[in-house]
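Work through the exercises below with the sequence and the model open side by side. Each task is followed by a solution that proceeds in steps.

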Amino acid sequence: IATFGRRFGKSAIRPYAINRMMRTRTGWVEGACAFQSHAEAERSWEADGISLAGAISKSKNADQNRYHDFKPMRREIPGLPVIENNGGRVYYPSFQPGSARGFQGHGLHFFIGDELSHWDVQEGWYETAEPMLSDTGGHALLIGTPIPEGPGFAQFADLAERCDPTSQFYNPRWVRFTGKSEENPFI
């Protein structure tokens, strides 16, 4: 979980995270980048189509089926095993309140959730994203600015409890990063 102030550049890391996650899995790789609104999902889908290395095609319809397909990838790093996959697909659904359930049913290897304070976290994370990751042992990157006025603010804070070693909900596989916008060297 990454929680930072506004204008930190959280969303700008998305293409790097997608490329990294695509290159660390074998077989057919599926992922998703979920957003707070249909407009934000559409904008990000368009922007990522330009900046994603390995993306070979894109498609969308009027609902939750925006995606980029990837050609097979090979990762070679000296001293590490070579990893090859059969390509994959990254979806761009909207998780605005009332819409996340329209995306259920995928087996995801990774999930990037943007601006969780604006989601219905129960529907978006617990009922949709988390079950899709459990089938594959996938990873998630949940990012956002904690905005008290957002519909998912309290639930976003509850998810952050999983990162706190003193919490009864602590999970050692969860990590949290926080910071102020002025700490970002790119601003």
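## Charges over rings

In this predicted model, R89 lies over the face of Y67, at 3.7 Å from the ring centre.

**Exercise 1.** Find the ring that has K58 over its face, and state the distance from the ring centre.

*Solution.* Start from the side chain of K58 and look for the ring beneath, which belongs to W45; K58 lies 5.0 Å from the centre of that ring.

## Aromatic pairs

**Exercise 2.** Classify the pair formed by the rings of Y67 and Y91, and say which parts of the chain the pair ties together.

*Solution.* Step one is to recall that a pair of aromatic rings is described by the distance of the centres and the angle of the planes. The structure holds 9 aromatic pairs. For Y67 and Y91, the ring centres are 5.9 Å apart and the planes stand at 65°, which is over the cut-off of 60 degrees, so the pair is edge-to-face. Step two is to place the partners: Y67 belongs to strand β4 (residues 67-70) and Y91 to strand β6 (residues 83-91), so the pair ties together parts that are 24 residues apart in sequence. Step three concerns accessibility, where buried means under 20%: Y67, at 13%, counts as buried, and Y91, at 4%, is buried too.

**Exercise 3.** Repeat the analysis for W125 and W174, and then name the cluster that ring pairs build.

*Solution.* The rings of W125 and W174 lie 6.0 Å apart, centre to centre, with 90° between the planes, and this pair is edge-to-face. Since W125 sits in helix α3 (residues 121-134) and W174 in the loop between α4 (153-160) and β9 (177-179), the pair ties together parts that are 49 residues apart in sequence. W125 is buried, with a relative accessible area of 2%, and W174 counts as buried at 17%. Following the ring pairs onward gives a cluster that links Y67, Y91, F95, F103, F111, W119, W125 and W174.

## Nonpolar cores and helix α3

**Exercise 4.** Identify the residues with the most contacts inside the largest nonpolar core, and determine which element gives the most to this core.

*Solution.* The largest nonpolar core has 21 residues, and within this core F95, F111 and W125 have the most contacts. At least two core residues come from each of β2 (27-34), α3 and α4, and α3 gives the most, with 5 residues. Leaving aside neighbours within four places in sequence, F111 is in contact with residues including A32, F95, W125, L133 and L142. A second, separate core has 16 residues, among them A17, M21, F70 and V90.

**Exercise 5.** Describe how α3 is capped, which of its residues are buried, and what covers them.

*Solution.* Begin at the N-terminal end of α3, which D120 caps through a side-chain oxygen 3.1 Å from the backbone nitrogen of Q122. Next, list the buried residues of α3: V121, E123, G124, W125, T128, A129, M132 and L133. Their cover includes β7 (110-114), β8 (139-144) and α4. Finally, compare the spans: a straight helix of 14 residues would span 20 Å at 1.5 Å a residue, whereas α3 spans only 17 Å between its end C-alpha atoms.

## A buried arginine

**Exercise 6.** Locate R66 and decide whether R66 is buried or exposed.

*Solution.* R66 lies in the loop between β3 (55-59) and β4, and with a relative accessible area of 3%, R66 is buried. Leaving aside neighbours within four places in sequence, the contacts of R66 include E42, W45, Y91 and Y92.

Methods
Residues numbered from 1 in each chain as written. Predicted model: local features only at pLDDT ≥ 70, side-chain atom pairs only at ≥ 80, totals over all residues. Heavy atoms only, no water. Phe/Tyr/Trp six-rings, centres within 6.5 Å; stacked < 30°, edge-to-face > 60°. Helix = DSSP H or I, 4+ residues; strand = E, 2+ residues; numbered from the N terminus. Buried < 20%, exposed > 50% of the residue type's maximum accessible area, 1.4 Å probe, protein only. Lys NZ or Arg CZ within 6 Å of the ring centre and 35° of its normal. Core = buried A, V, L, I, M, F, W, Y, C linked by side-chain atoms within 4.5 Å. Contact = heavy atoms within 4.5 Å. Expected span 1.5 Å × (residues − 1). Polar contact = N/O pair within 3.5 Å; in protein donor to acceptor, adjacent residues only side chain to side chain.
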